Amino acid sequence: MTDFIHVFQPPATAGGPILLLLHGTGGNEHDLVPLADALLPGAGVLSPRGQVLERGMPRFFKRLAEGVFDVEDLKLRTTELADFIAASAATHDFSTGDVIAVGFSNGANIAGALLLLRPDALGAAVLFRAMVPLTPATLPKMPATPVLISNGKMDPLVSAEETERLAALLRSGGADVTVSWQHAGHELTDRDVITAREWLAQRPAR
Ligand code: MLT
(Lines give C-alpha, C1' and ligand atoms only; values in the text may rest on other atoms or scores of the structure.)
Protein backbone atom coordinates (compact mmCIF):
# COMPACT_ATOMS: atom_id res chain seq x y z
CA MET A 1 0.00 0.00 0.00
CA THR A 2 1.14 3.53 -0.75
CA ASP A 3 1.89 5.41 2.43
CA PHE A 4 1.40 9.16 2.62
CA ILE A 5 3.36 11.61 4.72
CA HIS A 6 0.59 12.76 7.03
CA VAL A 7 -0.59 14.21 10.31
CA PHE A 8 -2.96 12.16 12.48
CA GLN A 9 -4.70 13.44 15.60
CA PRO A 10 -7.28 11.24 17.33
CA PRO A 11 -10.77 12.64 18.04
CA ALA A 12 -11.49 13.99 21.55
CA THR A 13 -13.95 11.12 22.08
CA ALA A 14 -13.48 7.60 20.75
CA GLY A 15 -15.80 7.07 17.77
CA GLY A 16 -15.88 10.81 17.02
CA PRO A 17 -15.60 12.26 13.51
CA ILE A 18 -12.28 12.41 11.64
CA LEU A 19 -11.59 15.33 9.29
CA LEU A 20 -9.64 14.21 6.22
CA LEU A 21 -7.84 17.45 5.37
CA LEU A 22 -6.77 17.78 1.72
CA HIS A 23 -4.61 20.78 0.84
CA GLY A 24 -4.44 22.79 -2.39
CA THR A 25 -1.61 22.86 -4.95
CA GLY A 26 1.68 23.82 -3.30
CA GLY A 27 0.39 23.05 0.19
CA ASN A 28 1.26 20.28 2.60
CA GLU A 29 -0.13 18.15 5.41
CA HIS A 30 0.12 21.00 7.92
CA ASP A 31 -1.81 23.65 5.95
CA LEU A 32 -5.38 22.93 6.97
CA VAL A 33 -4.72 21.49 10.46
CA PRO A 34 -5.29 24.88 12.17
CA LEU A 35 -8.78 24.97 10.59
CA ALA A 36 -9.89 21.67 12.12
CA ASP A 37 -10.87 23.06 15.48
CA ALA A 38 -12.72 26.00 13.94
CA LEU A 39 -14.66 23.62 11.68
CA LEU A 40 -15.59 20.84 14.08
CA PRO A 41 -14.28 21.08 17.66
CA GLY A 42 -13.07 17.76 19.05
CA ALA A 43 -12.84 16.06 15.65
CA GLY A 44 -9.82 13.94 14.84
CA VAL A 45 -7.55 14.81 11.93
CA LEU A 46 -6.05 12.77 9.11
CA SER A 47 -4.10 15.10 6.84
CA PRO A 48 -2.02 13.54 4.04
CA ARG A 49 0.41 15.31 1.72
CA GLY A 50 -0.28 14.93 -2.01
CA GLN A 51 2.32 12.74 -3.72
CA VAL A 52 2.58 14.46 -7.09
CA LEU A 53 5.15 17.22 -7.44
CA GLU A 54 4.51 19.94 -10.01
CA ARG A 55 7.64 22.09 -10.19
CA GLY A 56 8.22 21.26 -6.54
CA MET A 57 4.60 21.89 -5.48
CA PRO A 58 2.74 18.97 -3.90
CA ARG A 59 -0.62 18.01 -5.45
CA PHE A 60 -2.91 15.00 -5.19
CA PHE A 61 -2.87 14.14 -8.91
CA LYS A 62 -1.28 15.28 -12.16
CA ARG A 63 -2.76 17.90 -14.45
CA LEU A 64 -2.03 18.64 -18.08
CA ALA A 65 -2.87 22.36 -17.77
CA GLU A 66 -4.77 24.59 -15.35
CA GLY A 67 -8.14 22.84 -14.86
CA VAL A 68 -7.27 20.01 -17.33
CA PHE A 69 -6.65 16.82 -15.41
CA ASP A 70 -4.72 13.65 -16.19
CA VAL A 71 -7.70 11.37 -15.62
CA GLU A 72 -5.75 8.09 -15.57
CA ASP A 73 -3.43 9.50 -12.91
CA LEU A 74 -6.40 10.90 -11.00
CA LYS A 75 -8.05 7.46 -10.92
CA LEU A 76 -4.86 5.81 -9.67
CA ARG A 77 -4.24 8.47 -7.01
CA THR A 78 -7.85 8.29 -5.86
CA THR A 79 -7.51 4.54 -5.33
CA GLU A 80 -4.26 5.06 -3.41
CA LEU A 81 -5.86 7.70 -1.18
CA ALA A 82 -8.96 5.55 -0.54
CA ASP A 83 -6.71 2.61 0.40
CA PHE A 84 -4.68 4.88 2.71
CA ILE A 85 -7.89 6.04 4.45
CA ALA A 86 -9.02 2.42 4.92
CA ALA A 87 -5.59 1.41 6.27
CA SER A 88 -5.53 4.42 8.65
CA ALA A 89 -9.03 3.48 9.85
CA ALA A 90 -7.79 -0.01 10.69
CA THR A 91 -4.63 1.27 12.41
CA HIS A 92 -6.34 3.97 14.46
CA ASP A 93 -9.62 2.16 15.00
CA PHE A 94 -12.12 4.47 13.33
CA SER A 95 -14.77 3.80 10.73
CA THR A 96 -14.49 5.26 7.21
CA GLY A 97 -18.13 6.32 7.62
CA ASP A 98 -16.92 8.76 10.31
CA VAL A 99 -14.49 10.40 7.87
CA ILE A 100 -15.45 13.86 6.63
CA ALA A 101 -13.25 15.10 3.78
CA VAL A 102 -12.41 18.80 3.86
CA GLY A 103 -10.62 19.75 0.67
CA PHE A 104 -9.48 23.04 -0.85
CA SER A 105 -9.01 23.43 -4.62
CA ASN A 106 -6.85 20.47 -5.74
CA GLY A 107 -7.75 18.80 -2.40
CA ALA A 108 -11.46 19.40 -3.06
CA ASN A 109 -11.03 17.86 -6.50
CA ILE A 110 -9.56 14.61 -5.19
CA ALA A 111 -12.26 14.56 -2.49
CA GLY A 112 -14.81 14.84 -5.32
CA ALA A 113 -13.07 11.96 -7.11
CA LEU A 114 -13.26 9.87 -3.92
CA LEU A 115 -17.02 10.49 -3.78
CA LEU A 116 -17.40 9.54 -7.45
CA LEU A 117 -15.09 6.51 -7.52
CA ARG A 118 -14.72 5.24 -3.93
CA PRO A 119 -17.71 6.58 -1.96
CA ASP A 120 -17.08 3.88 0.69
CA ALA A 121 -13.99 5.86 1.80
CA LEU A 122 -15.99 8.80 3.24
CA GLY A 123 -19.07 9.63 5.28
CA ALA A 124 -19.36 13.29 4.22
CA ALA A 125 -17.40 15.99 2.41
CA VAL A 126 -16.80 19.74 2.46
CA LEU A 127 -15.48 20.93 -0.91
CA PHE A 128 -13.99 24.43 -1.08
CA ARG A 129 -13.51 25.75 -4.66
CA ALA A 130 -14.26 22.38 -6.26
CA MET A 131 -14.37 21.50 -9.96
CA VAL A 132 -15.74 18.41 -11.75
CA PRO A 133 -12.72 16.10 -11.31
CA LEU A 134 -13.94 13.47 -13.80
CA THR A 135 -17.13 11.91 -15.08
CA PRO A 136 -17.20 8.24 -14.07
CA ALA A 137 -18.29 5.59 -16.56
CA THR A 138 -20.89 4.33 -14.08
CA LEU A 139 -22.55 6.52 -11.52
CA PRO A 140 -21.55 5.83 -7.94
CA LYS A 141 -24.02 4.97 -5.20
CA MET A 142 -23.63 7.26 -2.21
CA PRO A 143 -27.03 7.22 -0.59
CA ALA A 144 -27.63 10.54 1.16
CA THR A 145 -23.92 11.28 1.73
CA PRO A 146 -23.90 14.90 2.94
CA VAL A 147 -21.75 17.15 0.73
CA LEU A 148 -21.18 20.90 1.04
CA ILE A 149 -19.74 22.72 -1.98
CA SER A 150 -18.54 26.20 -1.04
CA ASN A 151 -17.40 28.04 -4.16
CA GLY A 152 -16.58 31.65 -5.03
CA LYS A 153 -18.87 33.76 -7.24
CA MET A 154 -15.84 35.53 -8.69
CA ASP A 155 -13.57 32.50 -9.01
CA PRO A 156 -11.64 32.80 -12.30
CA LEU A 157 -10.89 29.05 -12.23
CA VAL A 158 -14.32 27.56 -11.46
CA SER A 159 -17.49 28.78 -13.21
CA ALA A 160 -20.99 28.68 -11.73
CA GLU A 161 -21.92 26.25 -14.51
CA GLU A 162 -19.12 23.83 -13.53
CA THR A 163 -20.13 24.07 -9.86
CA GLU A 164 -23.72 23.19 -10.76
CA ARG A 165 -22.51 20.30 -12.95
CA LEU A 166 -20.57 18.90 -10.01
CA ALA A 167 -23.59 19.25 -7.71
CA ALA A 168 -25.81 17.49 -10.29
CA LEU A 169 -23.31 14.66 -10.77
CA LEU A 170 -23.06 14.03 -7.02
CA ARG A 171 -26.83 14.27 -6.59
CA SER A 172 -27.37 11.73 -9.37
CA GLY A 173 -25.39 9.28 -7.23
CA GLY A 174 -27.69 10.01 -4.29
CA ALA A 175 -25.57 12.53 -2.34
CA ASP A 176 -27.34 15.21 -0.31
CA VAL A 177 -25.60 18.28 -1.78
CA THR A 178 -25.71 21.84 -0.48
CA VAL A 179 -24.15 24.56 -2.65
CA SER A 180 -23.05 27.74 -0.90
CA TRP A 181 -21.84 30.77 -2.88
CA GLN A 182 -19.25 33.07 -1.36
CA HIS A 183 -18.56 36.64 -2.43
CA ALA A 184 -14.98 35.62 -3.23
CA GLY A 185 -12.53 34.37 -5.82
CA HIS A 186 -10.50 31.13 -5.61
CA GLU A 187 -9.04 31.94 -2.17
CA LEU A 188 -10.51 30.51 1.03
CA THR A 189 -12.29 33.10 3.18
CA ASP A 190 -13.59 33.37 6.74
CA ARG A 191 -17.13 33.07 5.31
CA ASP A 192 -16.22 29.63 3.90
CA VAL A 193 -15.08 28.50 7.33
CA ILE A 194 -18.19 29.87 9.08
CA THR A 195 -20.47 28.30 6.45
CA ALA A 196 -18.74 24.93 6.79
CA ARG A 197 -18.80 25.08 10.59
CA GLU A 198 -22.55 25.71 10.60
CA TRP A 199 -23.16 23.01 8.02
CA LEU A 200 -21.01 20.49 9.93
CA ALA A 201 -22.77 21.30 13.22
CA GLN A 202 -26.18 20.46 11.80
CA ARG A 203 -25.28 17.63 9.40
CA PRO A 204 -27.46 14.56 9.84
CA ALA A 205 -26.24 12.11 12.51
CA ARG A 206 -25.14 8.77 11.08
C1 MLT B 1 -5.34 24.08 -8.46
O2 MLT B 1 -4.62 25.06 -8.59
O3 MLT B 1 -5.15 23.26 -7.59
C4 MLT B 1 -6.45 23.91 -9.43
O5 MLT B 1 -7.18 25.03 -9.51
C6 MLT B 1 -7.29 22.76 -9.13
C7 MLT B 1 -6.62 21.49 -9.53
O8 MLT B 1 -5.68 21.54 -10.30
O9 MLT B 1 -7.05 20.43 -9.03
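**View 1. Strand 8 and strand 9 of the predicted model, seen at the pairing of Val102 with Val126.** In this predicted model, Val102 has Val126 of strand 9 as its bridge partner, and Ala101 is likewise matched with Ala125 in strand 9. The two strands run parallel and are joined by five bridges. Strand 8 is largely enclosed by the rest of the structure, because six of its six residues are buried. The covering applies to both faces of strand 8, with Val99, Ala101 and Gly103 buried on one side and Ile100, Val102 and Phe104 buried on the other.

**View 2. Strand 2 beside strand 8, centred on Leu20.** Strand 2 and strand 8 run parallel and are connected through five bridges, and within this pairing Leu20 stands opposite Ala101. When neighbours within four places in sequence are left aside, the contacts of Leu20 are Leu46, Pro48, Ile85, Val99, Ile100, Ala101, Val102, Leu114 and Leu122. A second, separate core, of 22 residues, includes Leu19, Leu21, Ala36 and Phe104.

**View 3. Strand 3 between strand 1 and strand 2.** Strand 3, which spans residues 44-48, is mostly covered, and five of its five residues are buried. Gly44, Leu46 and Pro48 point one way from the strand, whereas Val45 and Ser47 point the other way, and all of them are buried. Towards strand 1 the pairing is antiparallel and consists of four bridges, with Pro48 of strand 3 serving as the bridge partner of His6. Towards strand 2 the pairing is parallel and extends over three bridges, and here Leu19 stands opposite Val45 of strand 3.

**View 4. The open sheet of seven strands.** The strands follow the order 1-3-2-8-9-10-11, and their pairing is mixed. Strand 1 (6-9) and strand 11 (176-182) stand at the edges, where each has a single partner strand, so one side of each is left without a neighbour in the sheet. From one strand to the next, the twist averages 15 degrees. Helix 4 packs on the sheet and touches strand 9, strand 10 and strand 11, and its direction makes about 165 degrees with that of strand 11.

**View 5. Thr163 and Ser159, in helix 4 and in the loop between strand 10 and helix 4.** Thr163 is found in helix 4 and is buried, with a relative accessible area of 0%. Not counting residues up to four places away in sequence, Thr163 touches Ile149, Asn151, Val158, Val179 and Trp181. Ser159, by contrast, lies in the loop between strand 10 and helix 4 and is partly exposed, its relative accessible area being 36%. Ser159 and Ala130 are separated by 29 residues in sequence, and their C-alpha atoms are 10.0 Å apart in space.

**View 6. The crossing of helix 2 and helix 3.** The axes of these two helices come within 9 Å and cross at roughly 80 degrees, which means that helix 2 is roughly perpendicular to helix 3. On the helix 2 side, the contact is made by Leu74, Lys75, Arg77, Thr78, Leu81, Ala82 and Ile85, and on the helix 3 side by Ile110, Ala113, Leu114 and Leu117. Sorted by class, the residues of this contact are eight nonpolar, one polar and two charged.

**View 7. Ser88 in helix 2.** Ser88 has a relative accessibility of 7% and therefore counts as buried, the cut-off being under 20%. With neighbours within four places in sequence left aside, Ser88 is in contact with Leu46, Asp93 and Phe94.

**View 8. The largest nonpolar core, with 42 residues.** The residues with the most contacts inside this core are Leu20, Leu122, Leu127 and Leu170. Two or more residues each are given to the core by strand 2 (18-22), helix 2 (71-92), strand 8 (99-104), helix 3 (106-117), strand 9 (124-128), strand 10 (146-152) and helix 4 (160-172). Helix 3 supplies the largest share of the core, namely seven residues.

Notes: Residues numbered from 1 in each chain as written. Predicted model: local features only at pLDDT ≥ 70, side-chain atom pairs only at ≥ 80, totals over all residues. Heavy atoms only, no water. Core = buried A, V, L, I, M, F, W, Y, C linked by side-chain atoms within 4.5 Å. Buried < 20%, exposed > 50% of the residue type's maximum accessible area, 1.4 Å probe, protein only. Contact = heavy atoms within 4.5 Å. Pairing = 2+ DSSP bridges. Axes fitted to C-alpha atoms, helices over the stretch in contact; angles between N-to-C directions. Parallel < 35°, antiparallel > 145°, perpendicular 65-115°, else oblique. Nonpolar A, V, L, I, M, F, W, Y, C, P; charged D, E, K, R; others polar.
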